[in-house]
Amino acid sequence: MKDLYIQKLGYRRFVLYFGILILTFKTTCSISSIIVISNIFDDILSISSAAILCVYTVSQIKNFKLLILYLLFMGLGLLSANITGQSVILITIITIFALCSEQIDNAIKFIFYFEVIFLIINISIFVLLCLFGSYSFFKNYGGRIRCDFGFNHPNVFSSFLFNIILMWIWLNYKKITARHYISIIFISIIAYLFSGTRTSLVLSILTILLLFVSKRSKKSKFLFYTASVIVPLISILIMFCIVYYTSDIAIINYIDKLLSARIRLGAYAYENFGITFFGQNLENINVTWDPYWGFNEFTFDCSYSYLIMNNGLIWLLIISLFFCFLAKRKNNKINLFIIIWSLYAITEIHGLNCFYCFPILLIAYFVFYNNKEMQIYARNKQAI
């Protein structure tokens, strides 16, 4: 009987991780300029992984309320993808609910190892191509000579590496020592010297400082209170700066300069497209250069402005609520990563994709906290 249970368990987990593998491969290839897949193959991977994980999830959910919650969020995710033309949030929803009968650390470990292997292979091919003269080691990005290591942009490489570092910290949280702090900073500095990405370096330093705080006490009030309010607080501050950007206020201009024109980009979107609750499609907008705004192409590069004016304010509210409820568990480790995600989201939109910035995957802790099936599964797994 026990052997039969192990076989069933193994088959179920194979289906789950096969779906996650396809989705991880698809998302990582999309940010590589070395390992490139065709649009048709990308669509095939997207549809097949989504189908596998959705069928798996429905077959695993036994709780009626949880099933209704799943259908509700899938409906919202599909609506958002249809309106905006972007599936980033839908990918994260599918992955989170697919973990309904799996311990999240196992999934994080699986993604971690895959992304480490992908990073090594991508960089190895990149170096070989550079040695054979087929690829330039350094390129000119906006007047700065930088190395992208075979990714779409140096910032993308730094973000990908930073996510790997975050996953390693999560998986080795209890074993981290001063030697590991130094190693993380060293790796971040080396990455900065090549890529020139300041954001990842600053975030790595802040991560180390917050990690030090989290390990000093079992239940840090600072981490708890900060994690509870940081997402809505930053959202309000970002939106305030965006709304009043055209008023030429000195402090807002300074913040915009500090954030590399992200406030100006958000202000442009606010002036031209406004706030949206369920999202709007801004994929193929034409930007005409004018002396006031000073750019001829547009991107958000900030999850907060991106959600408020592109993917929908509803998702910002949902994320804020989930993180707030999650913070109430007063778990230093979880609160640490909520804060890191919130700070990361200021300068990137990758934070909404759990394969590019894993902390948003922690919402699964809240969604399935009272799921009896998940708790029974965890106990049975430990018994085996």
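**Exercise 1.** Which residues of H7 are buried?

*Solution.* Work on the predicted model. Buried means under 20% relative accessible area. Apply that cut-off along H7. The buried residues are His180, Tyr181, Ile184, Ser188, Ala191 and Ser195. Now look down the axis of H7. These buried residues fall within an arc of 110°, so they line one face of the helix. Next, turn to the face pointing away from the buried side. There the exposed residues are Arg179, Ile182, Phe186 and Leu193. Last, find the packing partners. The buried residues of H7 pack against strand S2 (144-146), helix H6 (154-171) and helix H8 (198-214).

**Exercise 2.** Why does the distance between the end C-alpha atoms of helix H7 agree with its expected span?

*Solution.* Start with the residues. Helix H7 runs over residues 178-195, which is 18 residues. The expected span is 1.5 Å times one less than the number of residues. That rule gives 26 Å for H7. The end C-alpha atoms are 26 Å apart, so the two values agree. Then step just past the helix. Glycine 196 follows H7 and takes a positive phi of about 75°.

**Exercise 3.** Is arginine 146 buried or exposed, and what is the nearest side chain of opposite charge?

*Solution.* First, place the residue. Arginine 146 lies in strand S2. Arginine 146 is buried. Then look for a partner. Glutamate 348 is the nearest side chain of opposite charge, 8.4 Å away. A salt bridge needs the atoms within 4 Å. Arginine 146 has no salt bridge. Now check the backbone of H7's last buried residue on the list, serine 195. The backbone oxygen of serine 195 lies 2.5 Å from a polar side-chain atom of arginine 146. Finally, check the contacts. Arginine 146 touches several residues far enough along the sequence, including Phe194, Ser195, Gly196 and Thr197.

Notes:
Residues are numbered from 1 along each chain as its sequence is written. This is a predicted model: local features need pLDDT of at least 70, side-chain atom pairs count only at pLDDT 80 or more; totals for chains, interfaces and linings use all residues. Side-chain values use heavy atoms; hydrogens and water are left out. Helices (H or I, at least four residues) and strands (E, at least two) are DSSP runs, numbered from the N terminus. Buried means under 20% relative accessible area, exposed over 50%, partly exposed in between (1.4 Å probe, protein chains only). The arc is that of the directions from the helix axis to the C-beta atoms. Contact means heavy atoms within 4.5 Å. Lys and Arg count as positive and Asp and Glu as negative; His and the chain ends are not counted. A polar contact is a pair of N or O atoms within 3.5 Å; within protein, one must be able to donate a hydrogen and the other to accept it, and residues adjacent in sequence count only if both atoms are side-chain atoms. Lists of a residue's contacts leave out its neighbours within four places in sequence.
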